[in-house]
Amino acid sequence: MKKLLIIAALLVAASCTEEPGIQYGCQTGIPKANPAAGRVLIRCCTEEEHNAGSNIHIGGISGFTNYSQVQWQPVSDCSQCK
């Protein structure tokens with residue numbers, strides 16, 4: 001019984017840690033309303049979330065359609081996104 005509790009605790013602890021190898025990046029775009037403003041930060045996200053586009057059910061954002069020329073640049077730390 002004690003072994004089962006230890007195994008269960010280890011499984012819970014493992015599920016709470018960040019997955020290694022997940023790369024975050026800065027998602028930027030040019031707003032259609034004011035293209036002269038240049039590229040603006042949309043969010044820091046994974047490449048999968050970026051590729052989801054406006055599909056919010058798989059990590060995208062509804063506001064994605066308000067931008068053209070959306071790009072994703074990988075970074076080691078989200079604080080690097082400006």
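## Basis of the strand pairing

Two strands are taken to pair if DSSP finds at least two bridges between them. The model described here is predicted. In this model, Cys26 has Gln73 of β3 as its bridge partner.

## The sheet

An open sheet is formed by 3 strands in the order β2-β1-β3, with antiparallel pairing. Strands β2 (40-46) and β3 (67-75) occupy the edges, and each has a single partner strand, so one side of each lacks a neighbour in the sheet. From one strand to the next, the twist averages 25°.

Strand β1 comprises residues 24-31 and pairs with β3 in the antiparallel sense over 7 bridges. Besides the bridge between Cys26 and Gln73, this pairing includes one between Gln27 and Trp72 of β3. Strands β1 and β2 also run antiparallel and are joined by 6 bridges; Tyr24 stands opposite Thr46 in β2. Of the 8 residues of β1, 7 are buried, so the strand is largely enclosed by the rest of the structure. In a regular strand, side chains alternate between the two faces of the sheet.

## Disulfide between Cys26 and Cys81

The structure contains 2 disulfides. One of them joins Cys26 to Cys81, with an S to S distance of 1.9 Å. The torsion about this S-S bond of Cys26 and Cys81 is about -95°, so the disulfide is left-handed. Because Cys26 belongs to strand β1 and Cys81 to the segment after β3, the pair ties together parts that lie 55 residues apart in sequence. Cys26 and Cys81 are both buried.

## Disulfide between Cys44 and Cys78

A disulfide also joins Cys44 to Cys78, again with S to S 1.9 Å. The link of Cys44 and Cys78 is left-handed, with -60° about the S-S bond. This pair connects distant parts of the chain, as Cys44 is in strand β2 and Cys78 is in the segment after β3, 34 residues apart.

Partial exposure, which lies between the limits of 20% and 50% relative accessible area, applies to both members of this pair. Cys44 has a relative accessible area of 27% and is therefore partly exposed. Cys78, with a relative accessible area of 32%, is likewise partly exposed.

## Disulfide pattern and Cys45

With bonded cysteines counted along the chain, the disulfides of the protein chain follow the pattern 1-4, 2-3. Cys45 takes part in no disulfide, and its nearest cysteine sulfur, that of Cys44, is 6.7 Å away. A pair of cysteine sulfur atoms would have to lie within 2.5 Å to count as a disulfide. Cys45 has a relative accessibility of 1% and therefore counts as buried.

## Surroundings of His50

His50 lies in helix α2, which spans residues 47-51. With a relative accessible area of 12%, His50 is buried, since the limit for that class is under 20%.

When neighbours within four places in sequence are left aside, the contacts of His50 are Gln27, Arg43, Cys45, Phe64, Val70, Gln71 and Trp72. Among these contacts of His50 are Gln27 and Trp72, which are bridge partners, with Trp72 in β3. Cys45, another contact of His50, is the buried cysteine at 1% relative accessibility that is in no disulfide.

Methods: Residues numbered from 1 in each chain as written. Predicted model: local features only at pLDDT ≥ 70, side-chain atom pairs only at ≥ 80, totals over all residues. Heavy atoms only, no water. Helix = DSSP H or I, 4+ residues; strand = E, 2+ residues; numbered from the N terminus. Buried < 20%, exposed > 50% of the residue type's maximum accessible area, 1.4 Å probe, protein only. Contact = heavy atoms within 4.5 Å. Axes fitted to C-alpha atoms, helices over the stretch in contact; angles between N-to-C directions.
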